[in-house]
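Trainee: Could we go through this one together? I'd like to hear the reasoning behind each label.
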There are 2 protein chains.
Amino acid sequence: MDRRLYSLCGEDGKRHYSPHVWKIIMALNHKGLEYDLIPVSFADIPSVEDGSYSSVPVLRDGNTVLGESFDIARYLDETYADAPALFDGKGAVALTRFVESYCKTVLHPSLATIAVMDMHNLMSPADQVYFRSARERRFGMPLEVMAEGGEAERALLPEKLSPIRDLLATQDWLSGAMPAYADYTLFGTLQWCNVCAPNTLFEKDDLVSHWFERCLDLYDGVGRNPAQSDRH
Amino acid sequence: MDRRLYSLCGEDGKRHYSPHVWKIIMALNHKGLEYDLIPVSFADIPSVEDGSYSSVPVLRDGNTVLGESFDIARYLDETYADAPALFDGKGAVALTRFVESYCKTVLHPSLATIAVMDMHNLMSPADQVYFRSARERRFGMPLEVMAEGGEAERALLPEKLSPIRDLLATQDWLSGAMPAYADYTLFGTLQWCNVCAPNTLFEKDDLVSHWFERCLDLYDGVGRNPAQSDRH
């Protein structure tokens, strides 16, 4: 079966840096589903599939094509109901959205500042032009000025992660005894920054860091090498 | 059946102000279980039931006595499995703990500062002495100095509630289509401050404020008048 996940990638064809694509890389592995990981640039997105998508992930699954990471995760759980669940019950769907809201409102703005220049530097020249223009319009300042806030944001990160740290003091995974989509939601968010600027996110001996390493170890270490799960 | 919930209460015998007790007031109503709400002061806690408890809530349910709000909620769901679920699936248990960790690490320190003098002022004179001594030892400053930080904390509160606001833009309750223990966890936390200092928590027309009002309306408005659900 034709199963393809389109993924924003650095110029080297290896550094997959979209947080939302990472959620689905982990979700597909959780489900035990094989897939082709298709690296794309910003410039490629308008010609992905039927041309109606403005962002990734986009997943083709046989004759079904869909975008939006949360919608894809729910689709995978409904379509492959016999494989391990991404959402353990209806309550988990609603509350995983809270993890997503936390990532979006608390972490994304920090990480966007921390990673901005490293993210820029791994792109192709054409994507660098697009990225710079879009970010500078959105934030009203040059990338380099935005990046000056990175150190301050990095210093605030341990505090922003305190609800996660508190939770991980009593259970190994956000989702309880085993990882599930809530874990992949936070993992994808942090993996974005980890891919762009490795080994700079955490203090040593932070419970969040230990959990992140456990996530990187899942599924034969797909978090360390996403290409290894490709079909060949 | 003898079902009693011990609840920290102001000198007036009406203002129940423990966030953790409020979680269980809502949980008992959710389950449709009748109970006697027993007002206690700090000074009473050492003589509650067998004298082994140092905090409330404490619930006597027939021959079972237990403390710790989360443990009580799980006990109620297991014991009264035919009544509406407080946790819709195993995943919801794990993720409701994340809501609890968020309340504990992000909101509690703010609310403790915002409400400190109002909380002090509703207590009996003996409890005021105990409360002042315990807080001043913990925070290393007079209550009045601590309270000076209240306005600054109040100004930060809308930002601290941004993950909740983001979530409520797409669903009516933290738990999805219907309220459950995740909602009561946040409600209890905010109700603590609302009981001590009514109508000071939210900006008007905030989605979080609308959700809080919906919580207050639940179960014949028990959030506005907890005594009305007592057995008479």
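Mentor: Let's start with two helices: H9(B) and H10(B) are roughly perpendicular to each other. Keep in mind that this is a predicted model, where local features need pLDDT of at least 70, side-chain atom pairs count only at pLDDT 80 or more, and totals for chains, interfaces and linings use all residues. Residues are numbered from 1 along each chain as its sequence is written, chains are lettered from A and ligands numbered from 1 in the order in which they are written, and side-chain values use heavy atoms, with hydrogens and water left out.

Trainee: Why are H9(B) and H10(B) called roughly perpendicular?

Mentor: Their axes cross at roughly 95° and come within 11 Å. Angles of 65 to 115 degrees count as roughly perpendicular, under 35 as roughly parallel, over 145 as roughly antiparallel and the rest as oblique, so the label follows. The axes are lines fitted to C-alpha atoms, for helices over the stretch in contact, and the angles run from 0 to 180 degrees between N-to-C directions.

Trainee: What makes H10 of chain B a helix, and which residues does it cover?

Mentor: Helices are DSSP runs of H or I with at least four residues, strands are E runs with at least two, and both are numbered from the N terminus. H10 of chain B covers residues 207-221.

Trainee: Which residues of H9(B) and H10(B) meet?

Mentor: From H9(B), they include Phe187(B) and Leu190(B), and from H10(B), they include Trp211(B) and Phe212(B). Contact here means heavy atoms within 4.5 Å. By class, this contact has 10 nonpolar, 2 polar and 1 charged residues. Ala, Val, Leu, Ile, Met, Phe, Trp, Tyr, Cys and Pro count as nonpolar, Asp, Glu, Lys and Arg as charged, and the others, Gly among them, as polar.

Trainee: What is the angle between H9 and H10 in chain A?

Mentor: About 95°, with the axes 11 Å apart. H9(A) and H10(A) are therefore roughly perpendicular to each other. Among the residues that meet are Asp183(A) in H9(A) and Tyr219(A) in H10(A), and the contact divides into 10 nonpolar, 2 polar and 1 charged.

Trainee: Why are H3(B) and H9(B) called roughly parallel?

Mentor: Helix H3 (90-114) and helix H9 (181-196) of chain B pack at about 5°, with axes 10 Å apart. That angle puts them in the parallel class, so H3(B) and H9(B) are roughly parallel to each other. Leu107(B) and Leu111(B) are among the H3(B) residues there, and Leu186(B) and Trp192(B) are among those of H9(B). The residues of this contact are 13 nonpolar, 4 polar and 1 charged.

Trainee: Now the interface: how do you know that Lys104(A) and Asp166(B) form a salt bridge?

Mentor: The rule asks for a side-chain nitrogen of Lys or Arg within 4 Å of a carboxyl oxygen of Asp or Glu. For Lys104(A) and Asp166(B) the closest N and O atoms are 2.8 Å apart, so by the rule the pair is a salt bridge. Across the interface of chain A and chain B the rule finds 2 salt bridges.

Trainee: Which elements of chain A touch chain B?

Mentor: Those giving two or more residues are helix H3 (90-114) and helix H8 (162-168) of chain A. H3(A) gives the most, with 14 residues. That side of chain A has 12 nonpolar, 10 polar and 5 charged residues. In total, 27 residues of chain A are in contact with 27 residues of chain B.

Trainee: How much area is buried between chain A and chain B?

Mentor: About 2200 Å², of which carbon and sulfur atoms give 67%. Buried area is the accessible area (1.4 Å probe) that two parts lose on being put together, summed over both.

Trainee: What makes the salt bridge of Asp61(A) and Arg3(A) a tie between parts apart in sequence?

Mentor: The N to O distance is 2.6 Å. Asp61(A) lies in strand E3 and Arg3(A) in strand E1 (residues 3-8) of chain A, so the pair ties together parts that are 58 residues apart in sequence.
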